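Hi everyone, thanks for coming. Please have the sequence and the viewer open while I talk, and stop me whenever something is unclear.

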Protein chains: 2
Amino acid sequence: MGVLADTIIQGDCIEELKKLPAKSVDLVFADPPYNLQLGGDLLRPDNSKVDAVDDHWDQFESFAAYDKFTREWLGECHRVLKDDGALWVIGSYHNIFRVGSALQDLGFWLLNDIVWRKTNPMPNFKGTRFTNAHETLIWAAKGRGSRRYTFNYDAMKMANDDVQMRSDWTFPLCTGEERLKDENGAKAHPTQKPEALLHRVILASTKPGDIILDPFFGTGTTGAAAKRLGRRYIGLEQDEKYVALARERISKIIPIAPGDLQVTGSKKAEPRVPFGQVLEAGLLSPGDALYCPKGERMARVRADGSLVVGELSGSIHKVGAMVQSAPACNGWTYWHFKSDKGLAPIDVLRAKIRSAMPSA
Amino acid sequence: MGVLADTIIQGDCIEELKKLPAKSVDLVFADPPYNLQLGGDLLRPDNSKVDAVDDHWDQFESFAAYDKFTREWLGECHRVLKDDGALWVIGSYHNIFRVGSALQDLGFWLLNDIVWRKTNPMPNFKGTRFTNAHETLIWAAKGRGSRRYTFNYDAMKMANDDVQMRSDWTFPLCTGEERLKDENGAKAHPTQKPEALLHRVILASTKPGDIILDPFFGTGTTGAAAKRLGRRYIGLEQDEKYVALARERISKIIPIAPGDLQVTGSKKAEPRVPFGQVLEAGLLSPGDALYCPKGERMARVRADGSLVVGELSGSIHKVGAMVQSAPACNGWTYWHFKSDKGLAPIDVLRAKIRSAMPSA
DNA sequence: TGTACTAATGAATCTGGAT
DNA sequence: TATCCAGATTCATTAGTAC
């Protein structure tokens, strides 16, 4: 094989990459610095301070400096990959466009971009943008000609209730028990990824026994998932504290018996449909009238999905409660629209939208 | 205004962009071609075919050509945008990384990347990759300093059942009735976007009357949504067949009545009421006592609208922050007065004054 | 032992108008 | 352009504490 596996190498990512033999690893998974360009402190509405990622390793002088760094480590990864190997990188809008362009320029062949939808992202506290609720992964083969990359299509389909796995994946953040803590009980690493994410990546794109290289190993999520799934790993990490934490963490992992690589089925909840989507879908229009069940009260719909009754305005639920002087109200069943057959609850419009939604 | 609106200009995108005056449009929405390495043939942006597609140099050359094209039209959009303007681009993994990098290099300031999750994507027929079930939009302000881009935060929150709108949006593809057909009943345009997507983009990031420029107008989805929502549009399109289709399509759109265009406004936009005005209106008197939410702390009101607590004095906000040792405080919600029904925030007094004000 | 409430927190490019 | 300051702003989840 020529390359030692199941090891963590402490040192500079690019220097250590250069020491690895060419065409020796099956998969690269990389979680590089995102080059966040943060302003000052950020306070929550309760005045508590957000614990920002302000580590020195995330600071770059310019896009040019970040690009140079990116092309260096990606270039070495290209060299180190077997011809039928592949690579994953995760990032956010701050860096993923630089990374994606670099991959294309270096001859990698993009297979998919994957969206990790976070179930519990941090909100946008100041109300200035959309909640940044996802990160992006890029999956790329070594080159255009390399059609022989590994993709366990059936395992993915099986894991997704027998329909093809899509390019949007939904996982919670890494919190609670899973999140490694330091001696003070604070998070040990600022950007630890959930093992479930790595589980899916590895299950999708490697075979048992494959060698997975992670050049930004951190506290070793890639190694933990690899060992659990019967794959081998090589981790590069600069910070000796993280190396020690990763070693201890991975030592406790008990690999799954080869026959037991079972995947938890995804629970289907009824997808939430905001009322605004009924307007966006054109099932109602701004200015349309809605009525209470008996038809005597009327409200008018606005373009953002709010209702107006006289001086009152707000969500379908809030306005429904107010006109009845009730503490609460289910607007979906209270408000009715005029159809051919008389008044019908707007809930039937929601049902229409749901019937067109993906099962995942 | 200096720029003609509600028009479609037939011609080359970049040439026609150059004719538009600087700082004249509020928003750009662009759906540029991503005919990059699709299928067997590799096409340059000018539709000339790249010969030796396996040749790495040619591959690079095609990226370079695409980048050049991208930077040209984006550069012109930057010039044409008002300083408080913003831009949206939609793309897939084939081109979005090139576009995102170009935006950053040209000085645009990225605000969000948005994922359009398709409810009904085309499956991956060969089972070789994940179902490509999303496209990516980038939302960017003209520059880092330009904080005054339009974001109708409250309207978005309202449209999403009173929780912040996230960066992942779910819409079906444009099919059925909405999809324009040619004389043979085939789809008239290969990549027609759903109007619901444009509805959300426009509602989120423009005001009524704003001018929206779409340099790749196609069959005019941007114009249709803009007209419906009481915004103005400028469309650039090379293909006269598309121009004709778009004109006919948009002519049939009935704009929403201006009164129905109003959406939930932000509190920031409400008229400022100095606390002293509450005293001038006689709703409180000098010497009255105000209390913190739980009632244990007390402050006294002075005739000029300042508060006094022991040795401390200052504005309602400053004193509120000081007594809590907090970095900041909204005095309107922190301080309470004694009413018949117990403690009530002084914000209700502000509301009384606002409701008596002329509706501007 | 359960239930109810409070506190903490996560890769975040996070205010804006007047002077 | 820099400074000042009014005042607007959060969702899902876990862990801990009180009753």
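**A walk from the surface to the DNA and back**

Let's begin with the outside of chain A: its accessible surface comes to about 16,200 Å², and 51% of that belongs to carbon and sulfur atoms. Please keep in mind that this is a predicted model.

Staying with chain A, its C-alpha atoms fill a box of roughly 80 × 45 × 40 Å along the principal axes. If you colour by secondary structure, you will find eleven helices and 14 strands in chain A. How much of chain A is buried? Of its 360 residues, 54% count as buried. Now look at which parts of the chain touch each other: among contacts between residues at least 6 apart in sequence, 67% join residues at least 24 apart. As for charge, chain A has 47 positive and 45 negative charges, and the mean positions of the two sets are 6 Å apart.

Now to the DNA, starting with strand C. There are 40 residues around DNA strand C, and those that come nearest are Q37(A), R44(A), Y93(A), K126(A) and R179(A). Of the atoms of strand C that come within 4 Å of the protein, sugar and phosphate account for 43%.

Let's zoom in on some individual contacts there. Which part of P32(A) comes 3.0 Å from a base nitrogen of DNA strand C? For P32(A), the partner is a polar backbone atom. With D58(A), a polar side-chain atom is the one involved, 3.3 Å from a base nitrogen of strand C. H94(A) also uses a polar side-chain atom, lying 3.4 Å from a sugar or linking oxygen of strand C.

Next, please turn to DNA strand D and chain B. Strand D has 27 residues around it, and Y153(B), K157(B), Q164(B), H317(B) and R350(B) come nearest. Here sugar and phosphate make up 66% of the strand D atoms that come within 4 Å of the protein. Which element gives the largest share of the surface near strand D? That is helix α4 of chain B, residues 153–159, with three residues.

Several side chains of chain B reach phosphate oxygens of strand D. In H317(B), a side-chain N or O atom is 2.5 Å from a phosphate oxygen, and in S315(B) the corresponding distance is 3.0 Å. N330(B) places a polar side-chain atom 3.1 Å from a phosphate oxygen of the strand.

Let's follow the chain into helix α9 of chain B, residues 316–324. Its buried residues are I316(B), V319(B), G320(B), A321(B) and V323(B). Against what do they pack? Their partners in chain B are α8 (275–280), β11 (307–309), β12 (312–314) and α10 (331–334).

One last topic is backbone angles. Most residues other than glycine have a negative phi. S325(B), just after α9(B), takes a positive phi of about 55°, although it is not a glycine. You will find S325(B) in the loop between α9 and α10 of chain B. Is S325(B) buried or exposed? With a relative accessible area of 69%, S325(B) is exposed.

D162(B) is another residue with a positive phi, near 70°. D162(B) sits in the loop between α4 and β6 (168–171) of chain B. At 31% relative accessibility, D162(B) counts as partly exposed.

That's my tour; I'm happy to take questions.

Key
Residues are numbered from 1 along each chain as its sequence is written. Chains are lettered from A and ligands numbered from 1 in the order in which they are written. Side-chain values use heavy atoms; hydrogens and water are left out. Helices (H or I, at least four residues) and strands (E, at least two) are DSSP runs, numbered from the N terminus. Buried means under 20% relative accessible area, exposed over 50%, partly exposed in between (1.4 Å probe, protein chains only). Contact means heavy atoms within 4.5 Å. Accessible areas come from the Shrake-Rupley method with a 1.4 Å probe; for residues, only the protein chains shown count as cover. Lys and Arg count as positive and Asp and Glu as negative; His and the chain ends are not counted. The place of a charge is taken as NZ of Lys, CZ of Arg, CG of Asp or CD of Glu. A residue is near a molecule or strand if one of its heavy atoms lies within 4 Å of it. A polar contact is a pair of N or O atoms within 3.5 Å; within protein, one must be able to donate a hydrogen and the other to accept it, and residues adjacent in sequence count only if both atoms are side-chain atoms.
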